[in-house]
Amino acid sequence: MVSVGIISDIHSNFFALEIVLDFLTDKIDSLICAGDFVGYGFQPTECLESLIDYSLPTYYCLGNHDIGVRYEYCKLSEKNSCDKDLQFFTLDEVRPAARQMFENNAEVISEEHYNFLEQLPVFNQFQIGQKLIHLTHGTPSKIEKDKVTRYLPAPPIQPLRQTIDRAQQYSGTKNVDIIIVGHTHQRFFINRDRIQGWSHLGDRYNNIMVKYPKEFNFPRDKIILNPGAIGQPRDGDPGASFVILDLDANNVRFYSLEYSRKELYKIAKRKCPSSIQDSTFWEIRF
Ligand SMILES: [Fe+2]
């Protein structure tokens, strides 16, 4: 059995990440993370340490908040190469509380952590078992900036065909079996040309609670998925969201785990009060 853990958008939330990594112990053979390791939250060092030293093979890519934090670290340590990151974003586009957390995270990370963020690729394409996997934070694209910052929304926000076309057209090769993105903080799963009867965002608006783990089989092997966010969900379910993919059984399970959001809230109130006032910042029911 080849089982792969898929996580994304940790956002320096070790309360959530620790519980998920504990859960994944002995259940997976490798780990994928679709970027945004840091930013927003208050425990960047704990998160980075646990993933730099992860005991299994790992496949990572770069998120826009990883760029924001490494840009601020670069400035703080007076390196010469900082401005290269401004090809991906301008600081004016970033909300004040998010910008503040770029700076707060940059103040506490080490040179080793910075080096880790520095070497993350804007996209990553690799083989696990028989499957060729394309991993990028934003959307598969020919444009460097889009790979990291452009959203790949799922239905009902964007029509299904458009989601598939955009993902497949630019994933580099027609032979890609699995496309994985993050960035929206909203789960979705598409098997070839249909979404598997489930849109968490739609369920949220209809006030229907989804039960986890939510499982799909995909006898047709082309899939596109977003595992949702570990540290800052934005699809109505406050739990830490991730996926276990069984590549032998062609089976995918979406999980949601409870964690101590009270502790996170206490720290947020103390260290970044503006993030509490910004209702879209921590879309978490404490
Ligand atoms: Fe994110």
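Two strands count as paired here if DSSP finds at least two bridges between them. With that in hand, let's walk through this predicted model, beginning with one of its sheets. Six strands form an open sheet in the order β4-β5-β6-β10-β7-β8, and their pairing is mixed. At the edges are β4 (123-128) and β8 (194-195), each of which pairs on one side only.

Now look at β10, residues 223-226, and its neighbours in this sheet. On one side, β10 runs parallel to β6 (residues 178-180), and three bridges join the two strands. You can pick out the partners yourself: isoleucine 179 is matched with isoleucine 224 in β10, while isoleucine 180 has leucine 225 as its bridge partner. With β7, strand β10 runs antiparallel, and four bridges join them. Here isoleucine 190 stands opposite isoleucine 224 of β10.

Are the residues on the two faces of β10 buried or exposed? Side chains in a regular strand alternate between the two faces of the sheet. In β10, Ile223 and Leu225 lie on one side, Ile224 and Asn226 lie on the other, and all four are buried, so both faces of the strand are covered. Nearby in your tour is helix α7 (residues 160-169), which lies across β6, β7 (188-191), β8 and β10 and runs at about 80° to β7.

Next comes another open sheet of six strands, again with mixed pairing, in the order β3-β2-β1-β11-β12-β9. Its edges are β3 (58-60) and β9 (214-217); each has a single partner strand, so one side of each has no neighbour in the sheet. On average, neighbouring strands in this sheet are turned by 20° against each other, ignoring direction. Within this sheet, β11 (residues 240-246) and β12 (residues 251-257) pair in the antiparallel sense over seven bridges. As one example, alanine 240 stands opposite leucine 257 in β12.

Finally, let's turn to a pair of helices. Two packed helices are described by the angle between their axes and the distance between the axes. For α3 (residues 64-76) and α4 (residues 96-108), the axes come within 8 Å and cross at roughly 55°. That angle makes α3 oblique to α4, and the crossing is right-handed. Which residues of α3 and α4 meet? From α3 come His65, Gly68, Val69, Glu72, Tyr73 and Leu76, and they meet Ala98, Arg99, Phe102, Glu103, Asn105, Ala106 and Glu107 in α4. Sorted by class, this contact has six nonpolar, three polar and four charged residues.

Conventions: Residues are numbered from 1 along each chain as its sequence is written. This is a predicted model: local features need pLDDT of at least 70, side-chain atom pairs count only at pLDDT 80 or more; totals for chains, interfaces and linings use all residues. Side-chain values use heavy atoms; hydrogens and water are left out. Axes are lines fitted to C-alpha atoms, for helices over the stretch in contact, and angles run from 0 to 180 degrees between N-to-C directions. Angles under 35 degrees count as roughly parallel, over 145 as roughly antiparallel, 65 to 115 as roughly perpendicular and the rest as oblique. A crossing is left-handed if the near helix is turned anticlockwise from the far one by less than a right angle, and right-handed if clockwise. Contact means heavy atoms within 4.5 Å. Ala, Val, Leu, Ile, Met, Phe, Trp, Tyr, Cys and Pro count as nonpolar, Asp, Glu, Lys and Arg as charged, and the others, Gly among them, as polar. Buried means under 20% relative accessible area, exposed over 50%, partly exposed in between (1.4 Å probe, protein chains only).
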